[in-house]
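Student: I have a chain open in the viewer and would like to talk it through with you. Could we start with how its contacts are spread along the sequence, and then go into the details?

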Amino acid sequence: MSGVIESYIFLSTEKQHFNTELLQNLVARSSSMNKRYGITGFMYQTQPYFFGYVEGTSKNIAQLKTNLNSDTRHKVIYWLNDKEKQKRRFKSWDLVKKENYNDKDADTSSSIFLLLDVLVLSINTFIRNQVQVSGTKQREVFEKIDRLANLFELIKQNELHS
Ligand SMILES: Cc1cc2nc3c(=O)[nH]c(=O)nc-3n(C[C@H](O)[C@H](O)[C@H](O)COP(=O)(O)O)c2cc1C
């Protein structure tokens, strides 16, 4: 998986209620598609929102964006492209869910949820106030994604050594 990597975050609102079963189906399908197309990143659900970060080659990311934009189960309200970093941050693609983490990771996972909630809140504020996000603000958002990627790595390493 080499070459230039494009990355985006997106925020969307549910158009249908995702119960556990529907969410599991969505994640299973997305996960296998992403493996096939070399898409990495994460998805976070905080009702009624989905917050995602995806990275991959331009061609595969463009296709995923088209799929996500035309998926009637949700409505994408925000896309933000990282114009600077052209490298992968994540090694795999996952749903970020509280129950995925054990007690050992309590501090790390609460940092993750805090970061994600702050990101969702800030992005909502951008949208509500129709704020044009400056280059500096964009950079700050993606710096938080860098932090997240590091936190995910910490958890993965803990899992390996436990
Ligand atoms: C919140 C949300 C996140 C999704 N994330 C992904 C994803 O990461 N990768 C993916 O291939 N499809 C994802 N999908 C599904 C796509 O929108 C689309 O249904 C799928 O790519 C097309 O696959 P199909 O052949 O099953 O129709 C997501 C859908 C939703 C509602």
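Tutor: Among contacts between residues at least 6 apart in sequence, 79% join residues at least 24 apart. Bear in mind throughout that this is a predicted model.

Student: What order do the helices and strands come in, and how many of each are there?

Tutor: The chain has 4 helices and 5 strands, and read from the N terminus on they follow the order β-α-β-β-α-β-β-α-α.

Student: And what about the overall dimensions, say the radius of gyration?

Tutor: The radius of gyration is 15 Å, which agrees with the value near 15 Å that a compact globule of 162 residues would have. Along the principal axes, the C-alpha trace spans about 45 × 35 × 35 Å, and 22% of the 162 residues count as buried.

Student: Which residues have the most contacts inside the largest nonpolar core?

Tutor: That core has 21 residues, and those with the most contacts inside it are Phe 42, Met 43, Tyr 44, Tyr 53, Val 54, Val 96 and Ile 145. The elements that give two or more residues to this core are β1 (6–14), β2 (40–46), β3, α2, β5 (93–96), α3 (106–128) and α4 (135–161).

Student: Let me pick Phe 42 from that list; why does it count as buried?

Tutor: Phe 42 is buried because 22 other C-beta atoms lie within 10 Å, where the cut-off is 20 or more. Phe 42 sits in strand β2 and, not counting residues up to four places away in sequence, touches Gly 52, Tyr 53, Phe 90, Trp 93, Asp 94 and Val 96.

Student: Val 96 turns up there too, so what does Val 96 touch?

Tutor: With residues up to four places away in sequence again not counted, Val 96 touches Phe 42, Met 43, Tyr 44, Ile 112 and Leu 116.

Student: Ile 112 is in α3, I think; which residues of that helix are buried?

Tutor: In α3, Ser 109, Ile 112 and Ile 123 are buried. The length of the helix can be checked as well, since at 1.5 Å a residue the 23 residues of α3 should span 33 Å, and the end C-alpha atoms are indeed 33 Å apart. Just after α3, Gln 130 takes a positive phi of about 50°.

Student: Switching to the ligand, which residues are closest to it?

Tutor: The ligand is surrounded by 17 residues, and the closest are Ser 30, Met 33, Phe 50, Asn 67 and Asp 71. Two or more residues of that shell come from each of α1, β3 (49–56) and α2 (58–70), with the largest share, 5 residues, coming from α1.

Student: How does the shell divide by residue class?

Tutor: The shell residues divide into 8 nonpolar, 6 polar and 3 charged.

Student: Tell me about α1 itself, then; how far does it reach from end to end?

Tutor: Helix α1 covers residues 20–37, and its 18 residues reach 25 Å from the first C-alpha to the last, close to the 26 Å expected at 1.5 Å a residue. Just after α1, Gly 38 takes a positive phi of about 65°.

Student: Which peptide bond is cis?

Tutor: A cis peptide bond, with omega about 5°, joins Gln 47 and Pro 48, and Pro 48 lies in the loop between β2 and β3.

Student: Now β4: is Val 76 buried, exposed or partly exposed?

Tutor: Val 76, in strand β4 (residues 74–81), is partly exposed, because 16 other C-beta atoms lie within 10 Å. Although Val 76 and Ser 12 are 64 residues apart in sequence, their C-alpha atoms are 4.0 Å apart in space. Leaving aside neighbours within four places in sequence, Val 76 is in contact with Phe 10, Ser 12, Leu 68 and Asn 69.

Student: And what is Leu 80 in contact with?

Tutor: Leu 80 is also placed in strand β4, and, with neighbours within four places in sequence left aside, is in contact with Tyr 8, Ile 9, Val 133, Gln 138 and Val 141. Leu 80 is partly exposed, with 19 other C-beta atoms within 10 Å.

Student: Last one: why does Lys 59 count as exposed?

Tutor: Lys 59, in helix α2, is exposed because it has 10 other C-beta atoms within 10 Å, and the cut-off for exposed is 12 or fewer.

How values were computed. Residues numbered from 1 in each chain as written. Predicted model: local features only at pLDDT ≥ 70, side-chain atom pairs only at ≥ 80, totals over all residues. Expected span 1.5 Å × (residues − 1). Near = placed C-beta within 6 Å. Nonpolar A, V, L, I, M, F, W, Y, C, P; charged D, E, K, R; others polar. Core = buried A, V, L, I, M, F, W, Y, C linked by C-beta atoms within 7 Å. Contact = placed C-beta atoms within 7 Å. Rg over C-alpha atoms; globule rule 2.2 N^0.38 Å.
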